[in-house]
Amino acid sequence: MSKSVSPDAISVILSNPTPDSSSDIPELVLQVLDIKAAGNRYTFSVSDGKMKLKAILQSSLSSEVINGNIQNLGLIRVVDYTLNDIPNKNEKYLIVTKCESVSPPLEAEVKVSPPPSEVKAEPKMEGAGIVLKPKQEVVTKSAAQIVNEQNKNMAPSARMAMTRRVHPLASLNPYQGNWTIKVRVTAKGNMRTYKNAKGEGCVFNVELTDEDGTQIQATMFGEAARKFFDVFQMGKVYYISKGTLKVANKQYKTVQNDYEMTLNEYSQVEEAVNEVAFIPETKFSFVPIDQLGPYVNQKELVDVIGVVQSVSPTMSIRRKIDNETIPKRDIVIADDTKKTVVISLWSALATDLGQKLLDMADESPVVAIKSLRVSDFQGVSLSTVSKSIIEINPDIPDSQKLKSWYSSEGKETSMEAVGSGLSPSMKTGGRSMYSDRVTLDHITSNPSLGEEKPVFYSTRACMSLIKPDQTMWYRACKTCNKKVTEAIGSGFWCEGCQKNETDCSLRYILAAKFSDVSGGAWFSVFNDEAEKLIGCSADELDKMKSQDDGSDFQLQLKKATWVPYLFRVSVQPREYNNEKRQRITVRAVAPVDFAAESKFLLEEISSMKA
């Protein structure tokens, strides 16, 4: 029996974009065209002689291209696939997750023309396109027949692995039906308990990575958390199905994925045993050292790459939470922004990889580190967390670029710590009050600022108006500063501490108008910054307001207006009553140093002249 492309195969694929199982897929033999490498995958086009479709070969099948089984102009039988939209492209892509080679390269691209209508006998070769004879005289079987025969000779566990249809993480979306993924656990969180209006509960999450290096965070609550907490083990590979996806909350997401996964007690999680393990590719999203400021004290973790300048000996630090002693080691790295930053390595990273870096420090190795927390210690510093990954001299373009820069000029360049010269009062933002300086008009005239993530600016302004009739403070727990409510009987209930307190404190949360030479804007101001601006605590101002005439209250607010300050602010749009508005939040306040301010203005004038 001869073998050619399957008639109308692409039409079949388009009409069935996500088949439920391999047995539902008919015979799909297609020709490979224009195959080329794209990272650790291969992209190409498939043709059935009438139509073409762009395709991506899953990275696990790359070896088939490397060893020559799949070649340009050759034929492949598609055994399993997913048809998906690729972001930023207005077309469908066929993601081939399982296939087998049918023929070596043909002499030309297959072009199928319809047979003449009057021909009723067996169609001639020229009417059926180019036809290949198999090397051996055997009956060609469909993919479903082959899989079925193989399954009969396998153990039950191996049979499940063969028939299971695995989807790449990149192909998943919230609107997809049944799917199964094969992933490795690359980070596992602790079990956490919570209490809200619905009652008590528990939650934990894991980070999952497939063989293409795509990551997703999976969260489990209640019964699912208790069921799967001991099942998921760091570094092991699992098949997972019957989960749900939703758009990721950008404020809390820890991996680069538009979606996050939720598993419930009915989800299926099965360890992949007796199979070839895969090592997921680590994907980085590097932040240059001189741009770390906006991440200071934020929840978002960052990736950095740099040349190691120095490595400290191991230190023992006693942790306040549980009084446990853990090892710590500091390293200093630099990049081509000519800035350096201190990175604290903790626990096993300090003793294992830290020792390796100490041994090779004279060689100035390049380190790429994934998932670091940015703090305001020494202005700006970094520290590893439980999920941090360190790669020494990684084989990536960024590493080669840094090595070239360091050997040519970086070795002789004078470096400066990224946190040097920063005001100690700046707890967030992590930048000099004289960097990113803008007027208020620059912020208010650009309503789209901060749509992707908050943007940070420095500005000089005066508080020009405080509405005295607004709610300027809230009742807060003296231990954790979270909002408290009146408890039944007496005292105050703190949801965060889960206990009653006899007393509470007041903390500022107010809106005020600020003005400069270009115009005005409304800022949101929180407790620490508001105390500096108003000149007293919220408790003290409340006592003034409660007096009979309230004159001291009005006088205190009046004294606070029209005093110049330097501000570090974050800008992000928010939706209020179906209307988008800017939210400008004060992150740091500093009094005006008029000598430094004059120097800054003179430099601005000089740059304008130049």
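In this predicted model, Asn 84 is found in strand 4. Its relative accessible area is 10%, so Asn 84 counts as buried. Beyond its sequence neighbours up to four places away, Asn 84 touches Glu 91, Lys 92, Tyr 93, Ile 95, Ala 170, Ser 171 and Asn 173. A helpful distance to keep alongside that list is the one to Leu 172: the C-alpha atoms of Asn 84 and Leu 172 lie 8.7 Å apart in space, with their positions 88 residues apart in sequence.

A second asparagine can be described in the same terms. Asn 205 lies in strand 8, which covers residues 199–209. With a relative accessible area of 18%, Asn 205 is buried, because the cut-off for that class is under 20%. Once residues up to four places away in sequence are set aside, the contacts of Asn 205 are Lys 188, Gly 189, Arg 192, Gln 217, Ala 218 and Thr 219.

Strand 4 comes back into view with the charged pairs. Side chains of opposite charge can pair when their charged atoms come close. The count of salt bridges comes to 16, and three of these pairs are described here. In one of them, the side chains of Arg 77 and Glu 27 meet at 3.1 Å, N to O. This pair links distant parts of the chain, 50 residues apart: Arg 77 belongs to strand 4 (residues 75–85), while Glu 27 sits in the loop between helix 1 (9–15) and strand 1 (29–38). The two partners also differ in how they are classed by accessibility, for Arg 77 is buried at 6% relative accessibility, whereas Glu 27 is partly exposed at 24%.

Another salt bridge joins the side chains of Lys 111 and Glu 109, with an N to O distance of 3.4 Å. Here Lys 111 is exposed, at 56% relative accessibility, and Glu 109 is partly exposed, with a relative accessible area of 25%.

A further salt bridge brings together the side chains of Lys 401 and Asp 336, at 4.0 Å from N to O. Lys 401 lies in helix 7 (residues 397–408) and Asp 336 in the loop between strand 16 (325–334) and strand 17 (339–346), so this pair ties together parts of the chain that are 65 residues apart in sequence. Lys 401 is exposed, with a relative accessible area of 56%, and Asp 336 is partly exposed at 32%. Returning to the buried arginine of strand 4, salt bridges that share partners join Arg 77 with Glu 27 and Glu 100 into one network.

Finally, a pair of helices deserves a look. How do the axes of helix 10 and helix 11 cross? The axes of helix 10 (residues 538–546) and helix 11 (residues 551–560) come within 6 Å and cross at roughly 135°. Helix 10 is therefore oblique to helix 11, because only angles over 145 degrees would count as roughly antiparallel. From helix 10, Leu 541, Met 544 and Lys 545 take part in the contact, and they meet Asp 552, Phe 553, Gln 556 and Leu 557 of helix 11. Sorted by class, this contact of helix 10 with helix 11 holds 4 nonpolar, 1 polar and 2 charged residues.

Methods. Residues numbered from 1 in each chain as written. Predicted model: local features only at pLDDT ≥ 70, side-chain atom pairs only at ≥ 80, totals over all residues. Heavy atoms only, no water. Helix = DSSP H or I, 4+ residues; strand = E, 2+ residues; numbered from the N terminus. Buried < 20%, exposed > 50% of the residue type's maximum accessible area, 1.4 Å probe, protein only. Axes fitted to C-alpha atoms, helices over the stretch in contact; angles between N-to-C directions. Parallel < 35°, antiparallel > 145°, perpendicular 65-115°, else oblique. Contact = heavy atoms within 4.5 Å. Nonpolar A, V, L, I, M, F, W, Y, C, P; charged D, E, K, R; others polar.
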